[in-house]
Amino acid sequence: MTRLTPDLIEGVPDDTLDLDSRLLKMCGKTVKQLALEGAGVYHDVDFSKMRVACVPITSGMGIIGGFSKSVDAIVRRLGMQSYVTAGTDVNGFQQAIRDGVDMVMMADDAMFVAYNVHAARSTNNSWGTAMGYAVALKNAAGGIEGKDVLVIGAGLVGTEAVQILKSWGANVSVTDIKTEKAKALEERFGVKALPDVEDALASHRYILNAAPAIFPGRLIQEGAVISTPGVPHYFDEEGRKKAKAIIHDPLEIGTAMMAVNSALFSMEVSK
């Protein structure tokens, strides 16, 4: 998991990023609507009875300042009941179970999970981030079936994104500065590995970026749609003017996707 820094997520709890308004302009849907679509549900769902505990984790490099508070705020905006446990690590998890919550959300250096207590199933951040940003890309692009889509980055999120986008009928290519990783996905999933990152970027209008990347404006196609969970990334003024949509937030899309997907494990909801 990309390790976030407090400055990256400082605007999340109070929603100073106004993410729903930005997504409505680019994708025509809110964070919750995108998350529901990613979970296969195409109508609103009342999550008000879902109780969620966000557990701070101190292992590895330790607690990211503001992370649990940010996750708590995101979950609340979905309509769920949520709080940050007073205890950390195992103590915090035990507090959550003792409190009788329905879901536990927690992250260490390697993984971020939303664990549904009743279903004994979890959703991890790699899938949640890939699905959330793939759904956003699909909506902003007006559908991606039959379209050429580039995935930048062949790591955990990129691997999930390749599978998701291919399953939706996109013509998927993948590129990575470590060409052997992209080649491995080509062999595994039947997608096309492109060895030159800049050439790949310049030849695609629809892009899901799952890696740290620089996007020179000269390489961005007019009307490009770029869904980019990868951090850090950089777009110059030329690139921002050319792109139809640049979809990014530091935490919310992936977290909402995880929370909604895991909540539905124990809810009777029609598709």
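An open sheet of six strands, arranged in the order β8-β7-β6-β9-β11-β13 and paired in parallel, is found in this predicted model. Strands here are DSSP runs of E with at least two residues, helices are runs of H or I with at least four, and both are numbered from the N terminus; two strands pair if DSSP finds at least two bridges between them. Because β8 and β13 (245–247) stand at the edges and each has a single partner strand, one side of each is left without a neighbour in the sheet.

Strand β7 (residues 171–175) is a good place to start a tour of the sheet, as four of its five residues are buried, meaning under 20% relative accessible area, with exposed set at over 50% and partly exposed in between (1.4 Å probe, protein chains only). Five bridges link β7 in parallel to β6 (residues 148–152), with V174 of β7 opposite V151. Two bridges connect β7 to β8 (residues 192–193), again in the parallel sense, and here V174 has A193 as its bridge partner.

Helices connect these strands. Helix α7 (residues 156–167) joins β6 and β7 in a right-handed β-α-β unit, and helix α8 (residues 179–189) forms another such right-handed unit with β7 and β8. Right-handed means that, with the strands pointing away from the viewer, the path from the first strand over the helix to the second runs clockwise.

Strand β6 also pairs in parallel with β9 (residues 206–209) over four bridges, where I152 is partnered with N209.

Residues are numbered from 1 along each chain as its sequence is written, and side-chain values use heavy atoms, leaving out hydrogens and water. In this predicted model, local features need pLDDT of at least 70 and side-chain atom pairs count only at pLDDT 80 or more, while totals for chains, interfaces and linings use all residues.
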